[in-house]
Amino acid sequence: MRAVLLGPWLRAGTGPRPHPATPHRAPHRALRAAPTAPNTACDSQQRLPAAGRDLPALKKVSVEVLDHLEQLALVDFRDSEGVERLQKAIQFADQLHEVNTDGVEPMDSVLEDRCLYLREDDVTEGNCTKELLENAREKVEEYFVAPPGNIPLPKLEERETFLQGSK
Amino acid sequence: MGVGIKTRSGSGRVATARLSAQPGGPRSQWAAAFLAALPIVPRGVAARWRRAAAAPGEGEGRSAGVRRRRRAGGAMLRTSLRQVSAALKDGRVTPTELCQRCLALIKTTKFLNAYITVAEETALKQAEESEKRYKRGQPLGILDGIPIAVKDNFNTAGIETTCASNMLKGYISPYNATVVQKLLDQGAVLLGKTNLDEFAMGSGSTDGVFGPVRNPWSYSKQYKDKSVPKSHSEDEESNWVITGGSSGGSAAAVSSFTCFAALGSDTGGSTRNPAAHCGVVGLKPTYGLISRHGLIPLVNSMDVPGILTRCVDDAAVLLGSLAGHDPKDSTTIQDDFKPFEIPNLTDFSKLSIGIPKEYHAPGLSSEILALWSKAADLFKNAGAKVVEVSLPHTRYSIVCYHVLCTAEVASNMARFDGLEYGHRSDMKDSTESMYAATRREGFNDVVRGRILSGNYFLLKQNYEKYFVKAQKVRRLIANDFVKVFRSGVDILLTPTTLSDAALYTEFIQEDNRTRSAQDDILTQAANMAGLPAINVPTALSERGLPVGLQFIGRSFQEKQLLTVAKWFEKQVQFPVIQLEEVKRHDSGVFQHKKSASFS
């Protein structure tokens, strides 16, 4: 009876022994030792797709797109680190393109085999206006007060954003 | 010592400490100083303990006096939920006493930063109500009077819910999350809200606005004995390790005995990862089993409330109380859930354990690899069928998660605009600029980064390329599991983390996204496929820190999963953490009474 199933791996070892005091350095060292060409076929030693030299080429995102993102998300990049972060995130996500998904349907939910059920159209809760208004900072009677609407966010040149200088 | 003692020796199983082979020696200077400085301990008692501790080389004998006192105190805080519940029923301890001890311990372990809010008054009130019920002989159930902690991204009525973010600082929720309500309805005592990464984004519990959570094992005898001492003062401050995340506060709270169970949330491993690093049981139930109503959402299609306890039996108790259909959460299944007692595993011939080879990821420490191998042997020797299986798309799971998570985050975080709740900026020029300013002020870098990435992947030109593609890959990953389970495998056995807990100073050298990508790799796929998974603490690493192994089961087959986990837990006999603070609070009613009046 083959006692140790993981025997082959234990003997070969995929990477250098992690230093006992610094366990987190190990993944980086192992990555540098890994082969460079990504392979969709199943290797017996799976490579970790993570930040490292094996990632797809870094595509620069244009300032227009960055500006557009800031407007859509209503959060700002704050500094060059923020933009770097996005670039790295995109580079990381580009690895998805290695996978062959021909003929595969997208999956929205793991419960897709079950029907979303309906309930009776009965009012079972409500009348909690007072509690809900308690958490709002600015309100008048039963209304939440917002600053004037229908005014678009200022354009890139007029906005106070890190991206302004980078055009 | 017998004044008003409700606890007796032998009232609970005294957790026998598995001491590493270290002779009894003087306690660390720090602990001794703390003891001496404690104003509420009469000098005589402290001196006696110090003398007992300092007696050289007697191993078991030296602390016999302390142990006798401890046994007399019942080691109440260190028992399991079931045992303390039995003690409450027998009247060996009262709910208020239990609650007060836990609150006092929370105060002394404040340096762990596990709790954001401690709801002292409401907890004591709940404990008093529970006591009345016990006196009448009508407890609500096994959870009546049990102190519990809840992660701070669950809504709790009347108690601040912050998600460790500036965006929700000061936010008092008007309602209880369903899981919180269920616990309260059964009489549980809610001690407080625990710390986490901001909005549950992260794998270290280091990125919240209230600061990082410290792993209680950093202060354990087991870790201190193994760590190379630098200068005494530097030692304590720079030598502590992280809890893992994002439910680090909950894991630390359970691990340091301040509560008997805690709720966490699990989206990519956020319950199992800290459970592995803190040496506690972390259960991620099947998606759709436990209601998410009231859990501030991160990824709607993957979030589940997680359960953290000190043993598998307790996890089953919590599961029994929380699982079931909730009309307020349409993603909960309507099937009847029957709470169960975990049976003993006797017939191994019908059990098939799968070892997915792709989980031998690069960077997996050799210690964990060895433990994984030993565990596989354990099952084999017991008569189970242990087979190697393949989940070929495992390595894309983390990339897929990255895209789907950021996309859903971009959507879920859109609700934070300052208008109805939470932080609101003073900007008044226009609605949009007010929203933008509020979100700039309220979110930290991690959250903002994910929102922006998510929006990028959802742009019209990228939608098919990234979001839909990730959804397709998700199906491939889920199908991998289906194929494996269909081939006859019942349970998968994998490591939970790549290594034991890292030093905080090391961990923060990489950014949140990189760390999450590294740390979630073994836990993430179960969330993709919605499968139940559990971390069982297995052994201590070379550094004296906990390491756990993960079991993944079939959808809605928690009973089978927990049966196997419980058997495994019994085989490995994971050592109890030896924390000086807990010893002090757990023994000696005299000492405890003082601290009760002190609080």
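## Exercises on a predicted two-chain model

At 82% relative accessibility, A:Asn127 counts as exposed, and the model in which this value was computed is a predicted one.

**Exercise 1.** Determine where A:Asn127 lies and what is notable about its phi.

*Solution.* Begin with the position: A:Asn127 sits in the loop between helix 4 and helix 5 (129–134) of chain A. Next take the backbone torsion, where phi of A:Asn127 is near 55°, a positive value in a residue other than glycine. Finally consider the surface: because exposed means over 50% relative accessible area, the 82% of A:Asn127 places it in that class.

**Exercise 2.** Carry out the corresponding analysis for A:Arg78, and decide whether it is buried, partly exposed or exposed.

*Solution.* A:Arg78 belongs to the loop between helix 3 (63–73) and helix 4 (80–93) of chain A, and although it is not a glycine, its phi is positive, at about 75°. The relative accessibility of A:Arg78 is 36%; since the partly exposed class lies between 20% and 50%, A:Arg78 counts as partly exposed.

**Exercise 3.** Describe how helix 5 and helix 6 of chain B are oriented towards each other, and which kinds of residue form their contact.

*Solution.* First, helix 5 (residues 95–108) and helix 6 (residues 120–136) of chain B pack at an angle of about 155°, their axes being 7 Å apart. Because angles over 145 degrees count as roughly antiparallel, that is the relation assigned to helix 5 and helix 6 of chain B, and their crossing is right-handed. The residues that meet include B:Cys99 and B:Leu103 from helix 5 of chain B, and B:Ala127 and B:Tyr134 from helix 6 of chain B. The residues of this contact divide into 7 nonpolar, 3 polar and 4 charged.

**Exercise 4.** Repeat the analysis for helix 13 and helix 21 of chain B.

*Solution.* Helix 13 (residues 366–382) and helix 21 (residues 558–572) of chain B pack at about 105°, with axes 12 Å apart, and since 65 to 115 degrees counts as roughly perpendicular, this pair is described in that way. In the contact, B:Ala375, B:Leu378, B:Phe379 and B:Ala382 of helix 13 meet B:Val564, B:Trp567, B:Phe568 and B:Gln571 of helix 21. These residues divide into 7 nonpolar, 1 polar and no charged.

**Exercise 5.** Establish the surroundings of B:Ser220.

*Solution.* B:Ser220 lies in the loop between strand 3 (189–194) and helix 8 (221–226) of chain B, and it is buried, with a relative accessible area of 0%. Its side chain reaches the backbone oxygen of B:Trp217 at 2.7 Å. Leaving aside neighbours within four places in sequence, B:Ser220 is in contact with B:Ile577, B:Gln578 and B:Leu579.

Key
Residues numbered from 1 in each chain as written. Chains lettered and ligands numbered in written order. Predicted model: local features only at pLDDT ≥ 70, side-chain atom pairs only at ≥ 80, totals over all residues. Heavy atoms only, no water. Helix = DSSP H or I, 4+ residues; strand = E, 2+ residues; numbered from the N terminus. Buried < 20%, exposed > 50% of the residue type's maximum accessible area, 1.4 Å probe, protein only. Polar contact = N/O pair within 3.5 Å; in protein donor to acceptor, adjacent residues only side chain to side chain. Contact = heavy atoms within 4.5 Å. Axes fitted to C-alpha atoms, helices over the stretch in contact; angles between N-to-C directions. Parallel < 35°, antiparallel > 145°, perpendicular 65-115°, else oblique. Left-handed = near helix turned anticlockwise from the far one by under 90°. Nonpolar A, V, L, I, M, F, W, Y, C, P; charged D, E, K, R; others polar.
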